[in-house]
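Visitor: Hello! I am new here and would like some help with reading this structure. Could we go through it feature by feature?
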Amino acid sequence: MLVTDPLSDDGIERLRKFADVHIREGLKEEELIEIIRSYDALIVRSGTKVAADVIEAGADGRLKVIGRAGVGVDNIDVSAATEKGVLVVNAPEANTISAAEHTIAMILALSRWIPSANASLKAGKWNRKKYMGVELNGKTLGIIGLGRIGAEVAKRAKAFGMRIIAYDPYTSVEKAREIGASLVSFDDVLRRADFITVHTPLTDETYHLLNADAFDRMKEGVRVINCARGGIIDESALADAIKRGKVAGAALDVFEEEPPSPENELISLENVIVTPHLGASTEEAQRASAIVIAEEVERALKGEPVRYAVNMPYLEEERWDVMKPYLTLSSKIGSLCAQLKPKLSRIMRLELTYEGIMSEDTKILTASALQGFLSNFVSGVNIVNAEVMARKMGIKVSERRTKDVDMFKSLMSVSMHTEDGTVTEVSGTIFEDLGDEPRIVKINGYRIDAVPEEYMLICFFIDRPRVIGPVCTILGDKGINIARMQVGRKEPGGEAIMVLNVDSQVDDATIAEIRNVKNIVDVKLVKL
Ligand code: NAD
Ligand code: MLT
C-alpha cells in the first residue's frame, strides 16, 4: 500500500496491521505513474493529484482502491477511477468539526482584525484606532452549501447571536429549519448577508460561484470567508472588490493554486487573512481521518462493504448485513442469465425487476447483478464500474420496482433482451427462514427451486418419458456426480426445464452427447 501525503502515525499504525506500507511523500506525477502499478491501495490527502494517467497505470497493475483521508475528492479523477473499476473512499465526517471551528475562527479574526493587530503590536506599534472591528451579534451570516460543515458553522454562529440564511439547492427547507437557518435564494444571500461563507464542494457548478457579478450584488462592506475549496471564489474578482471597498475583508484557507504563487495579490492585501489550508489540521481530525481511511481501505481490500464509497452506490452501514445475501444472489442471477444468452446474439437491453423487500436499495443490487452479468463477457468489471461498462457496451439497463409481492417475500428478476428477439429471464429470492438461502425460482417462466451453485447443467427439453434417465446415465458414466435436481414445466407434454447441480465441470463432449438425447432442445453448462 502506498501513502503519498502526510498521514497521522495512528493511521499508519492501523494500516500496518494488515499491509506493508510504503510512505513516499512529494512524488512527481511521472514518479507516481512509474510505481503505482505495484500497489493495491493508494492513500492521499489533498496534496497528491491522482490524475487519469495515474489511475490507468495503477489499474493496469494491482490498484483496487484509492483512500482520501479527508472530504474533498477534487484532487482525484473519480470518473477515471470509476471507469477503471477502482474504488474511491474518503473520510467525510472526520474533519467536519475542525473545519467548522476554523471557519468560526476566521470569522472572528476577520471581524476584529486579530492577525494584523497582533502583527502590528509585535512590530512595536500601539494602534487602537486602526483596528476597529464589528460585532457578530445581530449580523446576518450567509452560508453557501449547508452540508456537514455548513451546518456546524450555522450552529456555532447562532451562539454568537447571528441570523443564519443559507443557499443550497440540494437540501430541504426542513433540514435547514432543523439547523436553525432560513433557506433562501443565491441572490438573497448575496444581497442580505454581512458575512458570506462558502461550504460547497468544487464542481463545475460552484467554480467561480463568487465572481465579479456576485461581488457587485453583495452588501457594501461584506466580509467573505472560504474554508472549502480554492476555485469557488474568483480570486482576481475578490481582490478587485476588496480594493474598491465593496468587500471589507476576506479570510481564505484555500486557494486555486496551492501553495499560492507569491504574485497572488490577495496574500499581500492587509484586510485579507490567510491560512495554509489548515481547516482539518487538528490532532483530532488528522487522527480520525487517518484511522477511518485505514479501516475503509482494509474493508475494501478484503472485499467487505465500505461505509464511505465515493464512486459506488451508497448503502447505510446497518443495511449491509441485511443486504449481503441479496447482493450475492443478484450477482448470481445476473451471471446465470448471461450464460443462457443465445450464441452470437447481441445483448440489447437488460431489465431488472425488484419486488418486495428487494425493491429497496436497488442501485447497489443492480450494480451487483451487472457485475455478475458482464463478467461473463469482459474482464475488469466490478461493482464500481459495472454500470459504466454496460453503457459502453451499448446495453440499455432499466429497473422496475414494486413493493407488492406475489409468492415470495422478495423477488428479483433479470430479463435479457437479445438482438434475435429472444427474452431470457431468471428470477431468484432469499429464503430468510432457511438461514438466508438463495434460490433460483424461475427460468424463462418455468417454476423451479434451484440452489445457485458452482456447476449447474440447464437442459431445456420436451416433457416426454426417457429424457431425464438418459441424461443422468450419461453424467454417471462420465463419473459426474449429480448433487441436486429440479424439473419444471408449464404443462404436461410441453417444453420443460431440468436443472442439475453437478459436483464437477462437464466437458464439451459430454454436453454434445446430452444434446443428442431425444427430446432435448438445448443444454447449457452454467458456472457460478
Ligand atoms: P458536504 O457534502 O457535507 O456539504 C456540501 C454541501 O454543498 C451540500 O449540502 C451540497 O448540497 C451543497 N452544494 C453542492 N453544490 C452546491 C451549489 N452549487 N450551491 C450551493 N450548495 C451546493 O461537504 P462538507 O463536508 O460540508 O465539506 C464542504 C467543503 O469543505 C468541501 O469542499 C470540502 O472539500 C471542504 N473541506 C475543507 C477543509 C479544509 O481543510 N479547509 C476541511 C474539510 C472539508
Ligand atoms: C478535506 O477536504 O478534507 C480538506 O481539504 C482537508 C485535507 O485535505 O486535509
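Visitor: Which residues are around ligand 2?

Guide: Welcome! Keep in mind that this is a predicted model. To read a ligand site, begin with the residues that surround the molecule. Around ligand 2 they are Arg 45, Ser 46, Arg 68, Gly 70, Val 71, Gly 72, Asn 95, Arg 229, His 277 and Ala 280. By class, this shell has 2 nonpolar, 5 polar and 3 charged residues.

Visitor: Which polar atoms are paired with an oxygen atom of ligand 2?

Guide: Look for short distances between N or O atoms. A polar side-chain atom of Arg 68 is 2.9 Å from an oxygen atom of ligand 2. Arg 229 also takes part through its side chain, where an N or O atom is 2.6 Å from an oxygen atom of the ligand. With Val 71 it is a polar backbone atom that lies 2.6 Å from a ligand oxygen. As for cover, ligand 2 exposes 270 Å² when taken alone, and the protein buries 91% of that.

Visitor: How many residues are around ligand 1, and which come nearest?

Guide: There are 26 residues around ligand 1, and Arg 148, Ile 149, Asp 168, Thr 200 and Asp 253 come nearest. The shell divides into 12 nonpolar, 9 polar and 5 charged residues. For polar contacts, follow the nitrogen atoms of the ligand. One pairing is with a polar side-chain atom of Asp 253, at 2.9 Å. Another involves a polar backbone atom of Cys 227, at 3.0 Å, and an N or O atom in the side chain of Glu 205 lies 3.3 Å from a ligand nitrogen. Ligand 1 has 860 Å² of accessible area on its own, and the protein covers 89% of it.

Visitor: Let us turn to a helix. Is helix 15 largely enclosed or not, and why?

Guide: To judge a helix, check its span and then its cover. Helix 15 runs over residues 362-374 and reaches 18 Å from its first C-alpha to its last, close to the 18 Å expected. Of its 13 residues, 11 are buried, so the helix is largely enclosed by the rest of the structure. Among the buried ones are Thr 362, Ile 364, Leu 365, Phe 373 and Leu 374. Their cover includes helix 14 (317-339), strand 13 (347-356), helix 16 (386-392), strand 14 (396-402) and strand 15 (410-418).

Visitor: What does Ser 330 contact?

Guide: Ser 330 lies in helix 14. Leaving aside neighbours within four places in sequence, Ser 330 is in contact with Leu 365, Ser 368, Ala 369 and Met 412. Its side chain reaches the backbone oxygen of Leu 365 at 3.4 Å. Ser 330 is buried because its relative accessible area is 0%, and buried means under 20%.

Visitor: Which backbone angles deserve a second look?

Guide: Most residues other than glycine have a negative phi, and most peptide bonds are trans. Here, Trp 113 has a positive phi of about 55° although it is not a glycine. Trp 113 sits in the loop between helix 5 (96-112) and helix 6 (114-122), and is buried at a relative accessible area of 12%. Arg 466 also has a positive phi, near 65°. The loop holding Arg 466 is between strand 19 (455-462) and helix 17 (468-477), and this residue is exposed, with a relative accessible area of 71%.

Visitor: Where is there a cis peptide bond?

Guide: One joins Glu 258 and Pro 259, with omega about -10°. You will find Pro 259 in the loop between strand 11 (247-252) and helix 12 (265-268).

How values were computed: Residues numbered from 1 in each chain as written. Chains lettered and ligands numbered in written order. Predicted model: local features only at pLDDT ≥ 70, side-chain atom pairs only at ≥ 80, totals over all residues. Heavy atoms only, no water. Helix = DSSP H or I, 4+ residues; strand = E, 2+ residues; numbered from the N terminus. Expected span 1.5 Å × (residues − 1). Buried < 20%, exposed > 50% of the residue type's maximum accessible area, 1.4 Å probe, protein only. Contact = heavy atoms within 4.5 Å. Near = heavy atom within 4 Å. Polar contact = N/O pair within 3.5 Å; in protein donor to acceptor, adjacent residues only side chain to side chain. Areas by Shrake-Rupley, 256 points an atom, 1.4 Å probe, with all protein chains shown as cover. Nonpolar A, V, L, I, M, F, W, Y, C, P; charged D, E, K, R; others polar.
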